[in-house]
Amino acid sequence: MEIIIKGATEKFAEKVILLAAQENAKVSISTVQPGWTVDRAERYLRDLTAGARRMAEMVIVEGDGYLDADHIRRVVGALNGPANSLKRAVDRGIREGWLPEETQAAVTPVSNPDNPSWHQNIAYRMDAELVPTFREALTRIVATKKAAEAMGITPGGTGKTSSTASLTTPSGYTLVDLGGGPLAADEDQDGEGQ
């Protein structure tokens with residue numbers, strides 16, 4: 001018997017090896033580090049809509065992992081769309097395989113403990129151990145953008161690079177990537193998945 005497994009966590013791989021040893025099976029396993037790495041955080045941040053990225057940046061940089069929701073609302077506006085985008089990007093990363101299964105959301109809402117039935121969140125947070133990882137990812141994004149601009153390339157600028165894209169939506173609006181990230185097609189706040 002031959003068993004080939006790719007992308008397993010180390011914990012899962014150990015269990016398979018023990019089971020395979022009992023059957024004298026030939027095993028080939030490639031493991032994947034669970035959780036957030038700088039590379040995954042960078043890809044996640046680049047995958048966010050503009051509002052969601054701004055929200056995440058505020059929690060990471062301004063709040064050092066915890067920021068009052070009213071402050072974020074004053075800067076970003078309504079948080080439904082950006083908050084949904086934060087979750088959708090994790091789900092999409094898992095589905096597309098660039099985030100491991102069971103990856104937890106990086107930015108999570110904080111409900112009012114005195115009134116949990118009221119759904120307006122009082123803050124957004126990131127686990128303290130993730131903040132340095134995401135700060136490094138933000139540093140990479142800024143460095144890449146500066147390097148491109150130094151070469152005369154405006155990442156995502158209209159008509160400036162071959163990676164510039166635009167999309168005409170069914171409603172006739174044209175969405176153009178101006179910030180170096182993906183098109184903000186899921187900013188609609190309707191709560192539907194992608």
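A41 touches W36, T133, F134 and A137, leaving out residues up to four places away in sequence; contact here means heavy atoms within 4.5 Å. This alanine sits in helix α2 (residues 38-47). Helices (H or I, at least four residues) and strands (E, at least two) are DSSP runs, numbered from the N terminus. A41 has a relative accessibility of 0% and so counts as buried. Buried means under 20% relative accessible area, exposed over 50%, and partly exposed in between (1.4 Å probe, protein chains only). A41 and L138 lie 97 residues apart in sequence, yet their C-alpha atoms are 8.5 Å apart in space.

A word on the model itself. This is a predicted model, in which local features need pLDDT of at least 70 and side-chain atom pairs count only at pLDDT 80 or more, while totals for chains, interfaces and linings use all residues. Residues are numbered from 1 along each chain as its sequence is written, and side-chain values use heavy atoms, with hydrogens and water left out.

**The chain as a whole**

The chain has six helices and seven strands. Starting at the N terminus, the elements follow the order β-α-β-α-α-β-α-α-β-β-α-β-β. Of the 194 residues, 34% count as buried. Among contacts between residues at least 6 apart in sequence, 55% join residues at least 24 apart.

How confident is the predictor? The pLDDT, its confidence in each residue from 0 to 100, has a mean of 78 over the chain, and 74% of the residues reach 70 or more. Over residues 174-194 the pLDDT is below 50, and this stretch has 61 contacts in the model beyond near neighbours in sequence. Residues 158-169 also stay under 50, with 26 contacts beyond four places in sequence. Where pLDDT is low, the predicted coordinates should not be read in detail.

**A three-stranded sheet and its helix**

An open sheet of three strands has the order β3-β5-β4, with antiparallel pairing. Because β3 (66-68) and β4 stand at the edges with a single partner strand each, one side of each has no neighbour in the sheet. Neighbouring strands of this sheet are turned by 25 degrees against each other on average, direction ignored. Two strands pair if DSSP finds at least two bridges between them; three bridges join the antiparallel β3 and β5. Across this pair, L67 stands opposite Y124 in β5.

Y124 also has a partner in a loop: its side chain makes a polar contact with the side chain of N121 (3.1 Å). A polar contact is a pair of N or O atoms within 3.5 Å; within protein, one must be able to donate a hydrogen and the other to accept it, and residues adjacent in sequence count only if both atoms are side-chain atoms. N121 lies in the loop between β4 (108-110) and β5 (123-125), and is buried with a relative accessible area of 15%. Setting aside neighbours within four places in sequence, N121 is in contact with A69, R73, P109, V110 and S111.

Helix α4 (residues 69-76) lies across β3 and β5, at about 70 degrees to β3. Axes are lines fitted to C-alpha atoms, for helices over the stretch in contact, and angles run from 0 to 180 degrees between N-to-C directions. At the N-terminal end of α4, D68 acts as a cap, with a side-chain oxygen 3.1 Å from the backbone nitrogen of D70.

**Two crossing helices**

The axes of α3 (residues 50-62) and α5 (residues 80-96) come within 8 Å and cross at roughly 85 degrees. These two helices are therefore roughly perpendicular to each other; angles under 35 degrees count as roughly parallel, over 145 as roughly antiparallel, 65 to 115 as roughly perpendicular and the rest as oblique. G51, A52, M55 and A56 in α3 meet P82, A83, S85 and L86 in α5.

**Residues with positive phi**

Most residues other than glycine have a negative phi, and most peptide bonds are trans. Here are some residues with positive values.

| Residue | Phi | Place |
|---|---|---|
| D64 | about 50 degrees | loop between α3 and β3 |
| G77 | near 95 degrees | follows α4 |
| E102 | near 70 degrees | loop between α5 and β4 |

Are D64 and E102 buried or exposed? D64 counts as exposed at 51% relative accessibility, and E102 also counts as exposed, at 71%.

Methods. pLDDT = per-residue confidence, 0-100.
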